[in-house]
Amino acid sequence: MKATGVVRRIDDLGRIVIPKEIRRTLRIKEGDPLEIFTDKEGEVILKKYSPIGELSEFATGYAETLAKTTGHIACITDKDTVIAVSGGSKKEFLEQGLSKELEEVIENKEIYTSSDNDEIAIPITENDSRERRYNAQVIYPIVSQGDVIGSVILLSKDQNIKMGESEFKVVQSAAGFLGSQMDI
């Protein structure tokens, strides 16, 4: 654990303020849910809560099925990180923070399809260089009870591949199914 040197007092209602610099660094926004953990030494640990993260094992299996079925790279994300990937480099995607562009697409509940090289490719992770790496993409938000909780993404680096209606429908079905699992 890394010490920040910041000390805060608990107020009379039991609240503590997380400093703005820490919230910005950890990308915690007003209204974001936090999970609270304690350990034997009396430490309290706050972790950004990801409802879809609870389904990470299930999401991994789903990503593998999507990749095998479509022949493309399949990624499943929560609102901050890639939680499952198949058909591509796990090192490149898994547990990587999302790019600002992708976060914006997800937050706005946008459905994005780039079918060929003439269209803009959205960087997936914050470590993506700004050069075009994916020749075709489909990004579909996962919505549960009206709130966006992540996305399902298909990617292709092959210049001869174009995402079509079938890829769109597969990603739409996956996002709908994963969102419905959170409703249960």
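Visitor: What share of the 184 residues in the protein is buried?
Guide: This is a predicted model: local features need pLDDT of at least 70, side-chain atom pairs count only at pLDDT 80 or more, and totals for chains, interfaces and linings use all residues. Residues are numbered from 1 along each chain as its sequence is written, and side-chain values use heavy atoms, with hydrogens and water left out. Buried means under 20% relative accessible area, exposed over 50%, and partly exposed in between (1.4 Å probe, protein chains only). The buried share of the 184 residues is 40%.

Visitor: What pattern does the protein follow along the sequence?
Guide: Elements are DSSP runs numbered from the N terminus: helices are H or I with at least four residues, strands are E with at least two. The protein has five helices and seven strands. Along the sequence they give α-β-β-α-β-β-α-α-β-β-β-α.

Visitor: What percentage of the accessible surface belongs to carbon and sulfur atoms?
Guide: The C-alpha atoms fill a box of roughly 60 × 40 × 30 Å along the principal axes. Accessible areas come from the Shrake-Rupley method with a 1.4 Å probe; for residues, only the protein chains shown count as cover. The protein's accessible surface is about 11300 Å². Of this, the part belonging to carbon and sulfur atoms is 51%.

Visitor: Which element gives the most to the largest nonpolar core?
Guide: A nonpolar core is a set of buried Ala, Val, Leu, Ile, Met, Phe, Trp, Tyr and Cys residues joined through side-chain atoms within 4.5 Å. This one has 23 residues, and Ala74, Ile76, Ile142, Val152 and Val171 touch the most other members. Two or more residues come from each of α2 (56–70), β3 (73–77), β4 (82–86), β6 (136–144), β7 (147–156) and α5 (165–183). With six residues, the element that gives the most is α5.

Visitor: How many residues make up another core, apart from this one?
Guide: Among the members of that other core are Cys75, Val82, Ile124 and Leu155. Its residue count is 17.

Visitor: Which residues does Val171 touch, beyond four places in sequence?
Guide: Val171 is one of the residues with the most partners in the largest core. Contact means heavy atoms within 4.5 Å. On that basis, leaving out residues up to four places away, Val171 touches Val138, Tyr140, Val152 and Leu154.

Visitor: Which strands stand at the edges of the sheet?
Guide: Two strands pair if DSSP finds at least two bridges between them. Five strands form an open antiparallel sheet in the order β4-β3-β7-β6-β5. Each edge strand has a single partner, so one of its sides has no neighbour in the sheet. The edge strands are β4 and β5 (112–114).

Visitor: What is the average twist from one strand to the next?
Guide: The strands in question run in the order β4-β3-β7-β6-β5. From one to the next, the twist averages 15°.

Visitor: Which residue in β7 is the bridge partner of Ile76?
Guide: β3 and β7 pair over five bridges, in the antiparallel sense. For Ile76, the bridge partner in β7 is Val152.

Visitor: What angle does α2 make with β4?
Guide: Axes are lines fitted to C-alpha atoms, for helices over the stretch in contact; angles run from 0 to 180 degrees between N-to-C directions. α2 packs on the sheet and touches β3, β4 and β7. Its angle with β4 is about 35°.

Visitor: Within what arc do the buried residues of α4 fall?
Guide: α4 (residues 100–107) lies across β3, β5, β6 and β7, at about 125° to β7. Its buried residues are Leu102, Glu103, Val105 and Ile106. Taking directions from the helix axis to the C-beta atoms, they line one face of the helix because they all fall within an arc of 160°.

Visitor: Which residues on the other side of α4 are exposed?
Guide: The cover over the buried residues of α4 includes β3, β5, β6 and β7. On the other side, the exposed residues are Lys100 and Glu104.

Visitor: Is Gln145 buried or exposed?
Guide: Gln145 sits in the loop between β6 and β7. Its phi is positive, near 50°, though the residue is not glycine. Because its relative accessibility is 64%, Gln145 counts as exposed.

Visitor: What is the relative accessibility of Thr125?
Guide: Thr125 lies in the loop between β5 and β6. Beyond four places in sequence, it contacts Val82, Glu92, Phe93, Gln96, Gly97, Leu98 and Ser99. Thr125 counts as buried, with a relative accessibility of 1%.
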